[in-house]
Amino acid sequence: MSLNIPYQSVNFENDCLLFHDLTQNNREQLLQISRLKTLSKQQYLVMQTTPADKLFNIVSGVATVEKISSNGRRQVISFLFPGDFVGLSHSDTYEYNIKSLSDLTVYEFKRKDLSSLSEEIPKLKTNLKNIDSLVLSIALEQVYLLGQLKAYERICFLLSQLLKRIPDASPEKIELPMSRNDIADYLGLTVETVSRSISQLKRDGVISTLTPNSICILKLDTIEELAATD
């Protein structure tokens, strides 16, 4: 099961790509069209195929972006952490679900309001385009990940991501906010393969498990080498 972890909030105005290089006045304009929204663990922020009329900035907590196929199979597309912006869509409906894995706090924007304001603030429009490009870059990286890396290398890739993204994470302790099922559906593996890969990394002395949901990285250089997608 996922852990309910008390993530620390980021500085919403300084640490989000949406606010990058905006003037204080522009930031206040942006905040004026937002509203704070909170969800409990395992609640849906948006549902696949529903109208894509809102966008969100993660303030605290962690969420998953997942897509369900017509035959019911799930693919976890990404995990969301404080500072992430999500909700951009190239159609009128969401192509994915967004589900909280812990208590979640977000700032919500109406799509039409943000679009109108971006026409008034060129830098905001640029920021939205940069976010869209970043999403594509991350998607391409995951395609490579699933096609090239071995199972235990994929685990290293995830640990490297979590080390950079989870507030207060350190090599000495990474609390996993997601379940083994979430990890498997993200990395394109079975739950059994995820468990075997973690066991292999433990046998090789690369990591140790403090608890089922807490990992200590013993050889950070090895993790980074195995996780490399260059």
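1. In this predicted model, E175 counts as partly exposed, at a relative accessibility of 24%, and its side chain meets that of K173 in a salt bridge, with 3.2 Å from N to O. K173 is likewise partly exposed, its relative accessible area being 42%. Since the cut-off for burial is under 20% relative accessible area, neither E175 nor K173 is classed as buried.

2. Both residues of that pair recur in the surroundings of S214, which is in contact with K173, I174, E175, S208 and T209 once its neighbours within four places in sequence are left aside. S214 is found in strand 11 and has a relative accessible area of 1%, so that S214 is buried. The contrast with E175, which is partly exposed at 24%, may be worth following in the structure.

3. The sheet to which strand 11 belongs is an open one of three strands, in the order 9-11-10, and its pairing is antiparallel. Its edges are formed by strand 9 (174-175) and strand 10 (207-211), each of which pairs on one side only. Four bridges connect strand 10 with strand 11 (residues 214-217) in the antiparallel sense, and the bridge partner of I207 in strand 11 is I217. Strand 10 and strand 11 form a hairpin, with two residues between them.

4. A second hairpin is made by strand 4 and strand 5, here with five residues between the strands, and G72 in its turn has a positive phi of about 90 degrees. Strand 4 (residues 63-68) and strand 5 run antiparallel and are joined by six bridges. Within this pairing, E66 stands opposite V76 of strand 5.

5. Which residue forms a salt bridge with E66? The partner is R74, the closest N and O atoms of the two being 2.9 Å apart. E66 has a relative accessible area of 2% and is therefore buried. R74 also forms a salt bridge with D185, where the closest N and O atoms are 2.8 Å apart. This latter pair links distant parts of the chain, as D185 lies in helix 5 and R74 in strand 5, 111 residues apart. D185 is partly exposed, with a relative accessible area of 23%, whereas E66 is buried.

6. These ion pairs are not isolated from one another: salt bridges that share partners join E66, R74, D182 and D185 into one network. The structure as a whole holds nine salt bridges. D182, a member of the network, is also one of the buried residues of helix 5.

7. Helix 5 (residues 180-187) deserves a closer look, its buried residues being D182, I183, A184, Y186 and L187. They pack against strand 5 (74-80), helix 3 (122-148), helix 4 (151-165) and helix 6 (191-203). Just after the helix, G188 takes a positive phi of about 70 degrees. For L187, the contacts that remain when its neighbours within four places in sequence are left aside are L145, L146, R154, I155 and L158.

8. Where does the largest nonpolar core draw its residues from? It has 33 residues, of which F79, I155, L162, L176, I183, L187 and I207 touch the most other members. At least two residues are supplied by each of strand 5, helix 4, helix 5, helix 6, strand 11 and helix 7 (220-227). Helix 4 gives the largest share, seven residues. Apart from this core lies another, of 15 residues, among them A52, F56, L80 and Y94. In soluble globular proteins, nonpolar side chains tend to be buried together.

9. Some nonpolar side chains nevertheless lie on the surface, where L17, L134 and I138 form a patch with about 240 Å² of accessible area together. L17 has its place in the segment before helix 1 (24-32), and its relative accessible area of 45% makes L17 partly exposed.

Terms used: Residues numbered from 1 in each chain as written. Predicted model: local features only at pLDDT ≥ 70, side-chain atom pairs only at ≥ 80, totals over all residues. Heavy atoms only, no water. Pairing = 2+ DSSP bridges. Buried < 20%, exposed > 50% of the residue type's maximum accessible area, 1.4 Å probe, protein only. Contact = heavy atoms within 4.5 Å. Patch = residues over 30% accessible without salt bridge, like charges linked within 9 Å, V, L, I, M, F, W, Y side chains within 5 Å. Areas by Shrake-Rupley, 256 points an atom, 1.4 Å probe, with all protein chains shown as cover. Salt bridge = Lys/Arg side-chain N within 4 Å of Asp/Glu carboxyl O. Core = buried A, V, L, I, M, F, W, Y, C linked by side-chain atoms within 4.5 Å.
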